[in-house]
Amino acid sequence: MKLSVLVLFVFINAFNAFSQTESQEGNDHHEHPKNEIGVANSPVYYLKEKEFTYGLHLHYIRTIGDSKFGIGLGYEQIFDDHEHKTIGFVASYRPIHGLSVNISPGITFEKHIEADGEIEIEKNLGAHLESAYEWEFGNLHLGPVLEFAYDQEDIHISFGLHVGFGF
């Protein structure tokens, strides 16, 4: 009797462990393309200035090996009076299928008009934190994006649409 209970216990646990292994492999089996070019369109809200404007974000990310990490370059243009432009390196992480988290330290360029009418281009260090959820349609990825950005002049947040092309 004890032997049959032990065999049944081992059999059930082995079957359970095997089932979990297959299920996990099935969920993680999806491969994201090695390269992605992404565009995010969104309204941008400046926290200090308390105003909305339009922003466009572009990036190229290359996945590192078979990992969930990637690196690349990013560019942001905000269409406002300051002609805000940021360029930076991008570090990307995909914790689960469809979700990406990017951090991008970089340099922000902004136009300022002095009292005498002279135009000055300021350069400041900046950082962007972005999260997107993507649904894939072949090589095309679509989904919402949320971004938080900081530079020495202001902080801005945006919520918009991410469109990516993987290859």
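This is a short talk on one protein chain, covering confidence, two loop residues, one serine and a surface patch.

Keep in mind that the model is predicted. So let me start with confidence. The protein chain has a mean pLDDT of 86, and 82% of its residues reach 70 or more. That average hides a spread between elements. Which element has the lowest mean pLDDT, and which the highest? Helix α1, residues 2–28, is the lowest with a mean of 44, while strand β4, residues 85–93, is the highest with 98. Over residues 3–26 the pLDDT is below 50. In the model, that stretch has zero contacts beyond near neighbours in sequence. I will leave the helix there.

Next, backbone angles. Two residues come up here, and both sit in loops. K50 is in the loop between β1, residues 35–46, and β2, residues 51–63. Its phi is near 55°, which is a positive value in a residue other than glycine. E83 is found in the loop between β3 and β4. Phi of E83 is near 50°, again positive in a residue other than glycine.

Are these residues buried or exposed? K50 has a relative accessibility of 62%, and the cut-off for exposed is over 50%, so K50 counts as exposed. E83 has 34%, which lies between the 20% and 50% limits, so E83 counts as partly exposed.

Now to strand β4, where S92 lies. S92 has a relative accessibility of 6%, and buried means under 20%, so S92 counts as buried. What does the side chain of S92 make a polar contact with? The partner is the side chain of N102, at 2.7 Å. Leaving aside neighbours within four places in sequence, S92 is in contact with I61, K68, F69, G70, S100, V101 and N102. So N102 appears twice for S92, in the contact list and in the polar contact.

Last, the surface. There is a nonpolar patch formed by L47, I64, F69, I71, Y93, V101, I103, L129, F148, Y150 and I157. Together these residues have about 960 Å² of accessible area. Which strands each supply at least two residues of the patch? They are β3, residues 69–79, β5, residues 99–113, and β8, residues 140–151. I71, for one, lies in strand β3. You may recognise F69 and V101: both are in the patch, and both are in contact with the buried S92.

That is the end of the talk.

Conventions
Residues are numbered from 1 along each chain as its sequence is written. This is a predicted model: local features need pLDDT of at least 70, side-chain atom pairs count only at pLDDT 80 or more; totals for chains, interfaces and linings use all residues. Side-chain values use heavy atoms; hydrogens and water are left out. Patches are made of residues with over 30% relative accessible area and no salt bridge: like charges are joined within 9 Å, nonpolar side chains (Val, Leu, Ile, Met, Phe, Trp, Tyr) within 5 Å. Accessible areas come from the Shrake-Rupley method with a 1.4 Å probe; for residues, only the protein chains shown count as cover. A salt bridge is a side-chain nitrogen of Lys or Arg within 4 Å of a carboxyl oxygen of Asp or Glu. Helices (H or I, at least four residues) and strands (E, at least two) are DSSP runs, numbered from the N terminus. pLDDT is the predictor's confidence in each residue, from 0 to 100. Contact means heavy atoms within 4.5 Å. Buried means under 20% relative accessible area, exposed over 50%, partly exposed in between (1.4 Å probe, protein chains only). A polar contact is a pair of N or O atoms within 3.5 Å; within protein, one must be able to donate a hydrogen and the other to accept it, and residues adjacent in sequence count only if both atoms are side-chain atoms.
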